[in-house]
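Good morning, and thank you for joining this meeting. Please look at the structure on the screen while I take you through a few of its parts.

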Amino acid sequence: MPAPQNTFKLALREKRTQIGFWQALANPYTVEISADAGYDWLLLDAEHAPNDIPLLVAQLQAMRGSSSHAIIRPPIGETWIIKQLLDIGAQTLLIPMVESGAQAAELVKATRYPPHGVRGVGAALARASRFNRIPDYLQTANDEICLLLQVESRAGLAALDEIAATDGVDGVFIGPADLAADMGHLGKPGAPDVQAEVERALLKIQAHGKAAGILIGDLALAKRYVELGATFVAIGNDVTLFANATSKLLADFKAMEPAKAAGEVKVY
């Protein structure tokens, strides 16, 4: 029996648009709720959210059986944490702050077993192999790993051709927030010159035959990126959604006039 098929990787290969939602509340309950909403993928964020390995395991378990595919973003692209994330069952990783072709090549090696990489062989202890109940896991795992690299700086854009051309990289994700900051537009990812760079990057990624991705809360811009050929696009995050909804509820209550009594109020 081989490793489970990575349906997200297959969708990218077939150029089927995949719409995603960011998970930063670091809570299995909210992940479970989101997993049943119909998104193609959910990003479990360990870069800017208070996630650790046991908590990420719980969130993966909360998604089991749903139609949403789990992607994990580690805090940094280091071999030791990539090994742990793969062993807990993640098949798709989004690695932040990639700025060179050499770095991209090292990240590919970190996700593959020898002789094609340096991933440690610990499948007998791992959730990824269903605790050694997948007999062919070691022989088939490499083919089902989906590696997405995040470019979010001017240095990354300068090396984008090298990064996107790296064998073993399935997709490149543009991070508009950090890119905007690096370009002198902190907090303004919609700035015209930032958007011009984003659009050029999305087209360049596709020219190398790789999937292009992005996260943007502006739904009109998200639609624009899909029109430009972006294959995996996240359209929001749980923290902002919850923060906005709680603030709106309180504001709506304060602005609301009291309801008029329909009749005599009875006291029991």
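Strand E1, residues 18-23, and strand E2, residues 41-45, run parallel and are joined by 4 bridges. The model before you is a predicted one. Within this pairing, Gly-20 of the one strand stands opposite Trp-41 in E2. Between the two strands comes helix H2, residues 28-35, and E1, H2 and E2 together make a right-handed β-α-β unit.

E1 has a further partner. It pairs with E8 in the parallel sense, again by way of bridges, 4 in number. One position to find on the screen is Trp-22, whose bridge partner in E8 is Asn-237. As for exposure, E1 is mostly covered, with 5 of its 6 residues buried.

From E8 we may move on to E7. These strands, E7 and E8 (residues 232-237), pair in the parallel sense over 3 bridges. Here Gly-213 stands opposite Phe-232 in E8. The chain leaves E7, passes through helix H11, residues 219-227, and arrives at E8; this β-α-β crossover is right-handed.

E7 also pairs with strand E6, residues 171-174, in the parallel sense over 4 bridges. In that pairing, Val-172 has Ala-212 in E7 as its bridge partner. Why may we call strand E7 largely enclosed by the rest of the structure? The reason is that 4 of the 5 residues in E7, which spans 211-215, are buried, and a residue is called buried when its relative accessible area is under 20%.

Let us turn to a single residue, Gln-59. Its place is in helix H3, which covers residues 53-63. Is Gln-59 buried or exposed? With a relative accessible area of 0%, Gln-59 is buried. Its side chain makes a polar contact with the side chain of Asn-51, at 2.7 Å. Leaving aside neighbours within four places in sequence, the residues in contact with Gln-59 include Ala-26, Pro-28, Val-31 and Leu-44.

Helix H3 brings us to the final topic, the largest pocket. Its space comes to about 720 Å³. The lining of this pocket consists of 26 residues, and those nearest its centre are Pro-4, Arg-64, Gly-89, Gln-91 and Arg-127. Helix H1 (7-13), H3 and strand E3 (69-73) are the elements that give two or more residues to this lining. Which element gives the largest share? That is H3, with 3 residues.

Thank you for your attention.

Key. Residues numbered from 1 in each chain as written. Predicted model: local features only at pLDDT ≥ 70, side-chain atom pairs only at ≥ 80, totals over all residues. Heavy atoms only, no water. Buried < 20%, exposed > 50% of the residue type's maximum accessible area, 1.4 Å probe, protein only. Polar contact = N/O pair within 3.5 Å; in protein donor to acceptor, adjacent residues only side chain to side chain. Contact = heavy atoms within 4.5 Å. Pairing = 2+ DSSP bridges. Right-handed = clockwise from strand over helix to strand, strands pointing away. 1 Å grid on protein atoms, 1.4 Å probe; cavity = no way out; pocket = protein on both sides within 12 Å on 5 of 7 lines; lining within 4 Å. Points joined across faces, edges and corners; volume = space filled by probe spheres on them.
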